[in-house]
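Colleague: Please take a close look at a single chain and describe how it is built and how it meets its neighbour.

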Amino acid sequence: MVELVQLLFAGLTTGAVYALVALGFTLIFQASEVVNFAQGEFVMLGGMVTVFAMKAGLPLPLAALLAVLVAVATGLLLHRLAIEPAKGATVVTLIIVTIGASILIRGLAQIVFDKQFHALPAFTGDEPIRLLGAAILPQSLWVLGGAAAIVLGLWLFMERTLLGKAVRATAANRLAAELVGIDTRVVLALAFAVSAAIGAVGGILVTPITLTSYAVGTLLALKGFAAAMLGGIGNPVGAVVGGLLLGLLESFAAGWISSTYKDGVAFLVILLVLFALPQGLLGRRAVERV
Amino acid sequence: MAPGTRTKLLVLGALGLVLLLVPLLLPSAFHLRVAALVWINAVAALGLALLMGLAGQVSLGHAGFMGIGAYATALGPKHLGLDPLLSMGAGILLAGALAFLVGRPILRLKGHYLAVATLGLGILVHLVLVSEVPTTGGPDGIQVPRLELFGIRLVGPELWYWITGITLLLAAWLALNLEDSSTGRALRALHDSEIAASVVGVDVARAKLVVFVIAAVYAALAGGLFALFNRFVTPDVAGFLRSIELVTMVVIGGMGSILGAVVGAALLTVLPQALTLFHDYEHAVLGLSIILFMVFLRQGIVPGLAALVTRRRPA
Amino acid sequence: MNRRRLIFGAATASFLLPVAVVAAEPIKIGSFLSVTGPASFLGDPEKRTLELYVEKINAAGGVLGRKIELVIYDDGGDANNARTFATRLVESDKVVAVVGGTTTATTMAAIPVLEDAQIPFISLAGGIEIVEPVKPFTFKTPHTDRMACEKIFEDVKKRGFTKVGMISSTAGFGASMRNQCLKVAPERGIQIVADERYAPGDTDTTPQLNKIKASGAEVIVNADFGQGPAIVTRNVRQLGLDLPLYQSHGVASKSFIDLAGPAAEGVRLPAAAMLVAEQLPDDDPQKKVVLDYKTTYESTQKQPVSTFGGHAYDGLMLLVRAIEKAGSTDGVKIRDALRATKGFVGTGGVVNMSPTDHMGLDLSAFRMLEIRNGNWKLLY
């Protein structure tokens, strides 16, 4: 029982971060059909900028805000300088552009910051909370709560604001959206900015637990992509479900099967799911546009 | 796009010429070693180019097959006492068999789902290589025995330059013939429109599977050659980044172009070696180059340049 | 007459000149280090140290009247890259000797290349397999992983414990040290009750630690370097595990304490004297060398010393000494001189090599440290 609770919380915490990355993937994918492999770099920027801003003397909230702003600026630049100019290229070409961008961002981070690992202090102390005999980190609750707040905020934005509706309209049918006067370029830029902000917040929340360095983005992008696909890409609910599921799979695989094969269990499940449901768990059975 | 006999001769002639010229222009052992690496990577990229260009299917886990070829070559002699060359053959067969087995369910998937499934496949292979420490040596890699033929040790960058170069030439020749064959024509039809192809009686699933297996075999061959040439392999040979590198080679060179795959392989093999001079700036420059190439030469280097040359007379 | 002498003089000068030019050609020393990647913790100070001291040596007139030219490549912690760069150092840069190899994995990958080329190679990595069995041209400066196990188990026994839970990385040094600890344990009367592993790059080891907790272990020993140990250390405290935790000399740098934070309090590890230079008794033979290096490094690099930079310092100085003693840049002669090293006082200890010992250190140079108040405390 103790072990079960322990693994559950470990899995949910990791899964929440995967979910945020997957959500970023989904947002950009919805607006542009681009799979943005630089998504993990936003998470890296969130953590690294906060670390260095705090070293420079800023308090945590300001440092975190600065980190989100840096990530958003990076996201907008990525859109303006790499995605816009490559508009109309094939899916694979666009994937490679974003991979190039992720290598570039990582390379720049390595120069601007450094190559070492860094930690952030936990927001509200390191003293574990006892729950049914398991030790839960207060920071885990921050991650889970933060992720939940983001998901809720995003949902409200999409459902309740005009801008959010414009994003959804663009996702549904770009041409029609343009015809009714939506500037789809702005919508796309917005998608990149929001994705970057979500990723950065995830990075800030999780750095006190997992540590960060200039190179943490690649693996997160991979896992986030897998999570988005598991849930069915283009579906925000699917992204969150996929992320949490992936985190739980890894945690329980590490605890009960083999810690070295935990990444494998997750991908094995993805393969099996896709063999059975070629559109992901919650994917739309839509026509492909390749 | 179908290469006629003339184009075929042109491509092979160009490759052969480069093969002859490189040792004259860059005679140092180190340069020949890098060139041999280019030829090896080009073989793998060629297979992937067939899959991507001809069948229109992407694989983000192709390095997994390279890993199978490389590790079979390393492990056969170590654990089973097999001849390295024989082990390499077994590795190629194994990779082909695996591709055949998983090919059908995987190739049923479309677009991004296909991407993530192949990605998962590559990661699983990589994970086995990393985790089975007693067998594979784990993340630290494993030594590969020297190749001996008829009692002669095959060593030295010069010899390997020719071994890999000639293999590439043969691989290119086979690929060109495949493009020109009836299977190739069926595949091109499939690339244009899967539904139309199946309507005119092309067994779509079978055609895709054939190319998937061929691509896997090419990758495993390249992996085996790499193991024998480098005499050391690490699981990175099967890693996600290697897979991405292979895809980038194909796309940068020009999807669906045989020469393009070679040019892409050359670029992505030589660039990192040259960029070590920049030390800290290495990654930034590599990333920037990839973006610039993709933005400004979207259809790839070889088709892009070919379009410039033949602009006056439409091909 | 005068004029003829002048011409003669000029002729001699022009005859001698090329010789002088040849003699002044720099001595090329190669290096491949993990400046980036998971072992950057180690590789970065190593690179800084090599560059710093080569500059100092050159400013002081060089070696054998020739300047040293340093060629450094960053292998990113990848064994395959290390292999490629070792080949490049041999075939393209034509170096005289190599000081490098941040990790056991990168070192082992490069050894065959350098051995084939008969180029003396001083590795900066910990694994015992580097020098056992002895390879003709391969040396190393840090203490071995086996010595770390022995030192740790000695301390465990002293505290009255016998049941050890091992947790180690599957890669390089971690894997090698795990094997050594398993081997050494019975000889030292230690029982390994749990043997958990994690992959390099893992950010959560709580499932493994939970298993160790359930195994009845009295102490935890973590074999790894880089960020892994920081994660393990944090996880141990996060789980509220109240067991003494041992790390290896693979974490002997201030950044480990920074990363692990308050969780690092009370962690013990065997390490070279460098970290506690000021706490050494005045009659300690290493005190002067260690303090000198520490002051030089900290005043120029504006960051705290680690033992890893010290390994690089020892390697470079051993090599320079050997080249001078050999009076030549011939690989075999340098090797012979290296083997004959006796009484060299480095940051890692007093080095006495022989044809059967290519490291030359004993347990006496290994200190047991404890982390207290965010700093190193010399226990004994």
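Modeller: Read from start to end, chain A of this predicted model follows the order α-α-α-α-β-β-α-α-α-α-α-α-α. In total, that makes eleven helices and two strands.

The overall dimensions come next. The C-alpha trace of chain A spans about 60 × 50 × 35 Å along its principal axes. For 290 residues, a compact globule would be expected to have a radius of gyration near 19 Å, and chain A has 19 Å, so the value agrees with that expectation.

The interior can be described in two ways. Of the 290 residues in chain A, 60% are buried, which here means under 20% relative accessible area. Among the contacts in chain A with a separation of 6 or more, 76% are made by residues 24 or more positions apart.

On the outside, chain A has an accessible surface of about 10900 Å², and carbon and sulfur atoms account for 73% of it. Chain A carries 16 positive and 13 negative charges, and the mean positions of these two groups are 5 Å apart.

Finally, there is the meeting with chain C. Chain A contributes 26 residues to this contact, and chain C contributes 26 residues. Together the two chains bury about 2200 Å², with carbon and sulfur atoms giving 53% of that area. On the side of chain A, Lys115(A), Gln116(A) and Phe117(A) supply 23% of the area that chain A buries against chain C, more than any other three residues.

Key
Residues numbered from 1 in each chain as written. Chains lettered and ligands numbered in written order. Predicted model: local features only at pLDDT ≥ 70, side-chain atom pairs only at ≥ 80, totals over all residues. Heavy atoms only, no water. Helix = DSSP H or I, 4+ residues; strand = E, 2+ residues; numbered from the N terminus. Rg over C-alpha atoms; globule rule 2.2 N^0.38 Å. Buried < 20%, exposed > 50% of the residue type's maximum accessible area, 1.4 Å probe, protein only. Contact = heavy atoms within 4.5 Å. Areas by Shrake-Rupley, 256 points an atom, 1.4 Å probe, with all protein chains shown as cover. Lys, Arg positive; Asp, Glu negative; His and termini not counted. Charge placed at Lys NZ, Arg CZ, Asp CG, Glu CD. Buried area = accessible area lost by both parts, 1.4 Å probe.
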